[in-house]
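Thanks for coming, everyone. Please look at the sequence and the fold on the screen. I'll walk you through the sheet, then the helices, then the core.

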Amino acid sequence: MGDDKPMTDPNAKAVTVAGPSDAGDGAVDLSVHPSGIVPQLQNIVATVNLDCKLDLKTIAFHARNVEYNPKRFAAAIMRIRAPKTTALIFSSGKMVCTGAKTEALAREAARKYAKVISKLGFPAQFKDFKIQNMVGSCDVKFPIRLEGLAWSHGHFAQYEPELFPGLIYRMQMPKIVLLIFVSGKIVLTGGKNRDDIYKAFENIYPVLTEFRKLPNPNEEDVLAQLAAPSAAGAAALPAPREA
């Protein structure tokens, strides 16, 4: 079937270069990432149709690392260590796979789950594999004025620090939701492919730099004076009296 073909990614080089385990091994491809920052994929949610009815009690009884409590949740929860993922398996034959860090690993994990179910005697197929959501994250390394950003981009931004510490930015093109924190940490979710994640970040990066929080020099002077008394102030102190 067509799903057996390995997936190729034209941006794989840029991601490999900037990956957490390869930091410093090469330069970021600035033609793809003008900001010089590559968001790292943290989670991929994929679905697949096994195209058969499943007895979840049988799966829970005979397979390893499976939880099934129909009173709490309608699906069996299965986990594997390589790739480290979790699958939600429904009696209809539909399956949701979460936790993979790349598209290829998501597909590999889904196939492993299908193979386990097939070995239990179910005529499981592997149909309609589809990535439903990607979550990426990065750090711009500078603090952000969330209040100003929310006021300037009120049509897209929602910021209620009493309820949630981050600003929620709903981008329309591409259709991505960004969680922006004052520290400069960014979470991007809702992408169907990694290009959406990359484009969304490059779109928002100039906005983040516009609302970069700069240190207040007067504030720094006051803090410095409070932290260390001046020499003149120290000299003005009365000398200790001799006993």
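One definition before we start: two strands pair if DSSP finds at least two bridges between them. Helices (H or I, at least four residues) and strands (E, at least two) are DSSP runs, numbered from the N terminus.

Now the ground rules. This is a predicted model, where local features need pLDDT of at least 70, side-chain atom pairs count only at pLDDT 80 or more, and totals for chains, interfaces and linings use all residues. Residues are numbered from 1 along each chain as its sequence is written, and side-chain values use heavy atoms, with hydrogens and water left out.

Start with the sheet. It is open, with 10 strands in the order 2-3-4-5-1-6-10-9-8-7, and the pairing is antiparallel. Strand 2 (66-67) and strand 7 (157-158) are the edges, each pairing on one side only.

Walk in from strand 7. It pairs with strand 8 in the antiparallel sense over 2 bridges. There, Ala-157 stands opposite Tyr-169. Strand 8 then joins strand 9 through 5 bridges, again antiparallel. Tyr-169 faces Leu-178 across that pair. The two strands make a hairpin with 4 residues between them.

Next hairpin: strand 9 and strand 10, also with 4 residues between them. Look at Gly-184 in that turn; its phi is positive, about 105°. This pair has 4 bridges. Leu-178 stands opposite Leu-188 in strand 10.

What about burial? Buried means under 20% relative accessible area, exposed over 50%, partly exposed in between (1.4 Å probe, protein chains only). In strand 8, 4 of the 5 residues are buried, so the strand is largely enclosed by the rest of the structure. Strand 9 alternates: Ile-176, Leu-178 and Ile-180 point to one face and are buried. Val-177 and Leu-179 point to the other face and are not.

At strands 4 and 5, 4 bridges join residues 85-89 to residues 94-100, running antiparallel. Ala-87 stands opposite Cys-97 there.

Now helix 5, residues 194-210. It lies across strands 1, 6, 8, 9 and 10, at about 45° to strand 9. For that angle, axes are lines fitted to C-alpha atoms, for helices over the stretch in contact, and angles run from 0 to 180 degrees between N-to-C directions. Helix 5 bends by about 30° at Ile-204, and Pro-206 follows within four residues. The bend is the angle between axes fitted to the seven residues ending there and the seven starting there. Buried residues in helix 5 include Phe-201, Ile-204 and Leu-208.

Last, the core. A nonpolar core is a set of buried Ala, Val, Leu, Ile, Met, Phe, Trp, Tyr and Cys residues joined through side-chain atoms within 4.5 Å. Which members of the largest one touch the most other members? They are Ile-59, Ile-144, Leu-149 and Ile-180, out of 55 residues.

Take Ile-180. Contact means heavy atoms within 4.5 Å. Leaving aside neighbours within four places in sequence, Ile-180 is in contact with residues including Ile-144, Leu-149, Tyr-169, Ile-204 and Leu-208.
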